[in-house]
Amino acid sequence: MTSVRSLYSSQKLALRYFTLSVALFGVMIVFGLVAATQYIHPSFLFPALAFNMVKTMHVDVLILWLLTAFFGSLFWLLPSEFKRDLVGMRAANVVFWLFCATIAAVALTFLFVQTGPGTDKTLWLINQGRKYVEEPRWAAVVVAIGIAVFVYNIIGTAVAAKRVTGITAVIILNMIPLFGLYMIAFPAMTNMALDQFWWWWLVHFWVEATWEVLIGAIVALVLMRVMNASRSVVETWLYIEVALVLATGVLGIGHHYFWMGAPKYWLGIGGFFSALEPLPLLGMVIHAVYDAGEHKMKMTNQPAFYWTMLEAFGNFIGAGVWGFMITLPQINLFAHGTQWTASHGHLAFWGAYGCGVISVIYLAVQEAGGHEQIGGRAWKWAFGLLNTGMYGMGGSLLIAGMAQAFYERAIGGSTFNAYVAAQQTPWFLEGIWMRWVFGLIFTAGYAVLAGNLIAIARRSRVPVAAGTLAVEGAGTR
Amino acid sequence: MTPMGFVADAIGLGLFALLGGAYGLLYAVSELRADCRFARLALASYAAQSAILLSVLAFSALGPIWKVFLLVSGIAYYFIPRVTLRYLKNLHASGEIHS
């Protein structure tokens, strides 16, 4: 075995994206902790950090750490699929630094300017005011350009390489809605129902369609590397998963249309299709168990393997079980917009995406450092603490949310008095306290995770030079 | 739907999906390990899931269409692990042949 490892330029960029992603993951946790503290002590850091901006930072950085990790994952994994470096890397590098500058500028605007009058100037320079895509319009333009360059990096490479595998075909097709749906971040409609209708296309279809497809393709590539899984098997299963997820997820958008002024038929459509969503997720659990058994748990990268496996289970628990509790309209009437929904959101994002991208980051640090095996105890501590923290937070928010739905909505009839009364019940207060405690555990897990990744990266066994690292062992069976 | 009924329905639906997942997981493990203890646990999970389903069907204020939907879902849960596992075995067998 050669003692000199090599990285494609896209893989060097991937490492930068992973670094940015892990840093943003930490920023998201900090703002989550501040928000959790403000639920207990509402005046904490007020007025310097108002709750609305803390929450905005928490949910927007959630999107960013996952999105940058997706970019990094594809920049890392795709050279082995195309058997060459990705095209347009100079532009991609510019986009990376542009992203960093934009994220910093938007964060400073959110923290120090926060809001403005209801004018176009505010939309362009301060805040667009739509959850998850609050960034001012100039920043949304930068993001759109960045995604367009990313699409070019991938499709242009496929054209240049004259090579498209099953997995890359799925990724390429997925680039079209990934870019197209982001265009919905721009209009500012004055009719709230219309605005919400289209805004959900961006949020729901990014999260429950294009991102699901993307993470499915990324996990397929990871399985081929970590377990040397057969390409034909992985690709066939990817097609099935994508078909099933889209079949249930596309019309599942209806569960967001229940109470925002959309026609009544969405109650039936949304309830039916979103209630079907756990079924393909159950199939993924079976697949994960089968893969682990088939390969007799032999793998070269324990953390990547376990995080990948947890992705299947976590997706089923967070999106499947937690989603199923509140997706029928009769129940959603009481549960939507409470901490119950926050509980579902935390567990679903963690299971469906968080675990998957952590898996790829472990794979990248292994391959970049030339480690034949990755193991040890630190990753197990990180794994245990992060998941104890996350599932503890999910459980705590579930209890708080059930109290809200019961006392405020079902008994109190959603009046303001009922809202206040529900927040003073012991169930709610203890749930919110426990969420804070589990948030601290999650933070400790993050610290161990970040420390472990840095330690592995620093323990690089061999120097990096020019060559063909990416094509080794990439599921060629 | 009464306040307590709504909470009971939500918990019932969550348990229904959770036990369905437990059944699928245990069934897959029992098949891969050829271990009848896991098979028994899998069946117990499915039985518990069915019991939850029956109680939701009997006591919930959900409309008849939703109850039929849940009943069909409950039946589907029984077959999904079996069909998925059989398909995966065939897929892996053909994958080995082609590789």
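Helices here are DSSP runs (H or I) of at least four residues, numbered from the N terminus. The views below come from a predicted model.

**View 1. Glu235(A) and Arg231(A) pair up inside helix H8 of chain A.** Both residues sit in H8, which covers residues 231–249, and they are 4 residues apart, or about one turn of the helix. In general, an α-helix has 3.6 residues a turn, so residues three or four places apart point the same way. Here the two side chains meet in a salt bridge, with N to O at 3.2 Å. Are these two charged partners buried or exposed? Both Glu235(A) and Arg231(A) are buried. The pair also has company: Glu81(A) joins Arg231(A) and Glu235(A) in a network of salt bridges.

**View 2. Arg225(A) meets Glu367(A) in a salt bridge.** The N to O distance between the two side chains is 2.9 Å. This one ties together distant parts of the chain: Glu367(A) belongs to helix H13 (residues 339–369), Arg225(A) to helix H7 (residues 192–226), and their positions lie 142 residues apart in the numbering. Both Glu367(A) and Arg225(A) are buried. Arg225(A) has another partner in the frame, as its side chain makes a polar contact of 2.9 Å with that of Ser80(A). Ser80(A) comes from helix H2 of chain A, residues 51–82. With a relative accessible area of 1%, Ser80(A) falls under the 20% cut-off and therefore counts as buried.

**View 3. Glu408(A) and Arg409(A) form a salt bridge.** Their closest N and O atoms are 3.3 Å apart. Both Glu408(A) and Arg409(A) are buried. For the wider picture, the structure holds 7 salt bridges over all chains.

**View 4. Helix H1 of chain A is mostly covered.** Of its 32 residues, 23 are buried. H1 runs over residues 9–40. How well does its length agree with 1.5 Å a residue? The expected span is 46 Å and the end C-alpha atoms are 47 Å apart, so the two agree.

**View 5. A cis peptide bond joins Phe46(A) and Pro47(A).** Omega is about 5° for this bond. Pro47(A) lies in the loop between H1 and H2 of chain A. As background for this view and the next one, most peptide bonds are trans, and most residues other than glycine have a negative phi.

**View 6. Lys83(A) and Ser414(A) have positive phi values.** Lys83(A) has a phi of about 60° although it isn't a glycine. You'll find Lys83(A) in the loop between H2 and helix H3 (89–112) of chain A. Its relative accessibility is 40%, so Lys83(A) counts as partly exposed. Ser414(A), also not a glycine, has a phi near 60°. Ser414(A) sits in the loop between helix H14 (378–411) and helix H15 (416–422) of chain A. At 44% relative accessibility, Ser414(A) is partly exposed as well.

**View 7. Chain B meets chain A.** The contact takes in 38 residues of chain B and 42 residues of chain A. Together the chains bury about 3,500 Å², and carbon and sulfur atoms account for 85% of that. On the chain B side, Phe6(B), Trp66(B) and His92(B) lose the most area to chain A, together 19% of what that side buries. How many salt bridges cross between the chains? The count is 0. Residue pairs in polar contact, with both residues at pLDDT 80 or more, also come to 0. Helix H1 (3–33) and helix H3 (64–98) of chain B each supply at least two residues of the side that touches chain A. H1(B) gives the largest share, 19 residues. By type, the residues on this side of chain B are 26 nonpolar, 9 polar and 3 charged.

**View 8. Helix H2 of chain B starts beside Asp35(B).** A side-chain oxygen of Asp35(B) reaches to within 2.9 Å of the backbone nitrogen of Arg37(B) at the start of H2(B). The helix takes in residues 36–59, 24 residues in total. From first C-alpha to last, H2(B) reaches 34 Å, close to the 34 Å expected at 1.5 Å a residue. Which residues of H2(B) are buried? They are Ala42(B), Ser45(B), Tyr46(B), Gln49(B), Ile52(B), Leu53(B) and Val56(B).

How values were computed: Residues are numbered from 1 along each chain as its sequence is written. Chains are lettered from A and ligands numbered from 1 in the order in which they are written. This is a predicted model: local features need pLDDT of at least 70, side-chain atom pairs count only at pLDDT 80 or more; totals for chains, interfaces and linings use all residues. Side-chain values use heavy atoms; hydrogens and water are left out. Contact means heavy atoms within 4.5 Å. Buried area is the accessible area (1.4 Å probe) that two parts lose on being put together, summed over both. A salt bridge is a side-chain nitrogen of Lys or Arg within 4 Å of a carboxyl oxygen of Asp or Glu. A polar contact is a pair of N or O atoms within 3.5 Å; within protein, one must be able to donate a hydrogen and the other to accept it, and residues adjacent in sequence count only if both atoms are side-chain atoms. Ala, Val, Leu, Ile, Met, Phe, Trp, Tyr, Cys and Pro count as nonpolar, Asp, Glu, Lys and Arg as charged, and the others, Gly among them, as polar. Buried means under 20% relative accessible area, exposed over 50%, partly exposed in between (1.4 Å probe, protein chains only). The expected span of a helix is 1.5 Å times one less than its number of residues.
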